[in-house]
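Here are my notes on this two-chain model, written as numbered points. Have the structure open while you read.

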Amino acid sequence: MRDERSYRVALVADRYVNPEPGEVDGLAVLAAAGWGVMQLPDAGYPAEVARPLLAEVAEQVEEFSRRGYGFILVGERDGLAEALAHVGVGVPDGIAPASAAELREFLAAQPAPPATAAPQ
Amino acid sequence: MGVAFVAHCLLNQNSKVLDGAHCAGVYSPIIDVLREQGWRIEQMPCPELAFAGLGRFWAVREQYDTAAFRRHCQRLATAVAGAIEARVRQGEEIVLVGVEGSPSMGVTITSSDPQRGGRPAWPDGSPELTGGEGIYVEELHAELGRRGITVRVAGETHAIPGHDEAVQRARLESVLEHRDA
């Protein structure tokens with residue numbers, strides 16, 4: 001079986017995964033561009049619900065980071081920086097796009113992930 | 001509609017075991033159906049990714065069924081159940097979308113081979129698929145049960161012999177429309 005992964009992962013604020021009508025559909029843009037998505041908890045969740053979810057996101061980002069996968073941030077999420085810092089990972093380059101075109105342009109400008117340069 | 005809590009890899013095929021990614025990133029055949037029908041999407045963590053890493057071997061349920069992995073899954077299940085409980089309190093319908101054949105994320109089909117272990121060589125076509133839930137799904141159902149919550153389930157079926165995208169879609173739509181009840 002041929003593995004089709006892109007080695008590119010976007011941490012994505014909930015509002016770009018479940019956009020309101022008329023808002024930027026980040027998930028559609030990322031899917032078309034071949035990026036994997038790690039969804040951040042909905043901003044409406046209380047802290048006691050969001051905090052453990054963010055901790056799990058951070059732990060998984062740590063593994064992607066260690067393995068040279070490329071990752072970016074689309075949108076923002078309170079508590080993400082702290083959760084990432086807890087696993088020793090910085091907040092990646094990011095964008096809060098006002099349009100799908102702006103997001104596509106940002107994605108196109110990303111460098112090749114280190115993992116794609118290493119022997120697989 | 002309601003909220004679909006989906007397996008991590010349905011939004012991020014980069015989390016799959018090596019040689020297991022069916023596409024670059026988002027597995028659209030499932031996600032598109034959910035969005036077309038107005039379901040909100042929430043992604044669950046991948047139980048295997050942080051625990052066994054991106055370089056993990058393909059494995060069956062028995063290989064993951066350790067006390068440490070159960071504790072890991074219980075931690076994830078507690079976090080996700082908190083989110084599900086919050087949505088239930090808002091009056092939302094909940095559907096759990098897993099990955100059939102997975103040792104962790106199977107919802108009606110998991111993988112089993114009590115002899116599997118040691119040097120990783122076994123013939124293709126070993127009959128490892130069996131009815132049942134993966135370990136994470138089992139722990140999530142246990143945690144939801146403690147909270148008095150029941151959810152409907154559906155699964156992505158790439159690992160199942162004879163996988164047919166149209167059949168997969170029809171089954172998912174049936175669960176979403178509650179025609180399975």
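1. Before the sizes, the yardstick: the radius of gyration is taken over C-alpha atoms, and the globule rule is 2.2 Å times the number of residues to the power 0.38. Keep in mind throughout that this is a predicted model.

2. Let's start with chain B. Its 181 residues would give a compact globule a radius of gyration near 16 Å, and chain B has 16 Å, so the value agrees with the rule. Along the principal axes, the C-alpha atoms of chain B fill a box of roughly 50 × 35 × 30 Å.

3. What does the secondary structure of chain B come to? The tally is six helices and six strands. If you walk along the sequence, the pattern of chain B reads β-α-β-α-α-α-β-β-β-α-β-α.

4. On burial and contact range in chain B: 47% of the 181 residues count as buried. Take the contacts in chain B between residues at least 6 apart in sequence, and 72% of them join residues at least 24 apart.

5. Chain A gets the same treatment. A compact globule of 120 residues would have a radius of gyration near 14 Å, and chain A has 14 Å, so here too the value agrees. The box filled by the C-alpha atoms of chain A, again along the principal axes, is roughly 45 × 35 × 25 Å.

6. There are five helices and four strands in chain A, and from the N terminus on they run β-α-α-β-α-β-α-β-α. Buried residues make up 42% of the 120 residues in chain A. For contacts in chain A with a separation of 6 or more, residues 24 or more positions apart account for 68%.

7. Now the interface. How many residues does the contact take from each chain? Chain A gives 29 residues and chain B gives 30 residues. On the chain A side, strand 1 (8-12), helix 2 (26-33), strand 2 (36-39) and helix 3 (47-66) each supply at least two residues. Helix 3 of chain A has the largest share of that side, with seven residues. By class, the residues of chain A that touch chain B divide into 15 nonpolar, six polar and eight charged.

8. One helix pair across the interface deserves a look. The axes of helix 3 of chain A and helix 4 (residues 67-89) of chain B come within 9 Å and cross at roughly 140°. That angle makes helix 3 of chain A oblique to helix 4 of chain B; the cut-off for roughly antiparallel is over 145 degrees. The crossing of helix 3 of chain A and helix 4 of chain B is left-handed.

9. Which residues meet in that helix pair? From helix 3 of chain A come A:Val49, A:Pro52, A:Leu53 and A:Glu56, and they meet B:Leu76, B:Ala79, B:Gly82, B:Ala83 and B:Ala86 in helix 4 of chain B. Sorted by class, this contact has seven nonpolar, one polar and one charged residues.

10. Last, a single residue to click on: A:Ala117, which sits in the segment after helix 5 (100-108) of chain A. Is A:Ala117 buried or exposed? A:Ala117 counts as exposed, because it has 9 C-beta neighbours inside 10 Å, and the limit for exposed is 12 or fewer. The C-alpha atoms of A:Ala117 and A:Gly68 are separated by 9.2 Å, with the two positions 49 residues apart along the chain counted as their separation.

Methods:
Residues are numbered from 1 along each chain as its sequence is written. Chains are lettered from A and ligands numbered from 1 in the order in which they are written. This is a predicted model: local features need pLDDT of at least 70, side-chain atom pairs count only at pLDDT 80 or more; totals for chains, interfaces and linings use all residues. A residue is buried if 20 or more other C-beta atoms lie within 10 Å of its own, exposed if 12 or fewer, and partly exposed in between; C-beta atoms are placed from the backbone. Two residues are in contact if their C-beta atoms, placed from the backbone, lie within 7 Å. Ala, Val, Leu, Ile, Met, Phe, Trp, Tyr, Cys and Pro count as nonpolar, Asp, Glu, Lys and Arg as charged, and the others, Gly among them, as polar. Axes are lines fitted to C-alpha atoms, for helices over the stretch in contact, and angles run from 0 to 180 degrees between N-to-C directions. Angles under 35 degrees count as roughly parallel, over 145 as roughly antiparallel, 65 to 115 as roughly perpendicular and the rest as oblique. A crossing is left-handed if the near helix is turned anticlockwise from the far one by less than a right angle, and right-handed if clockwise.
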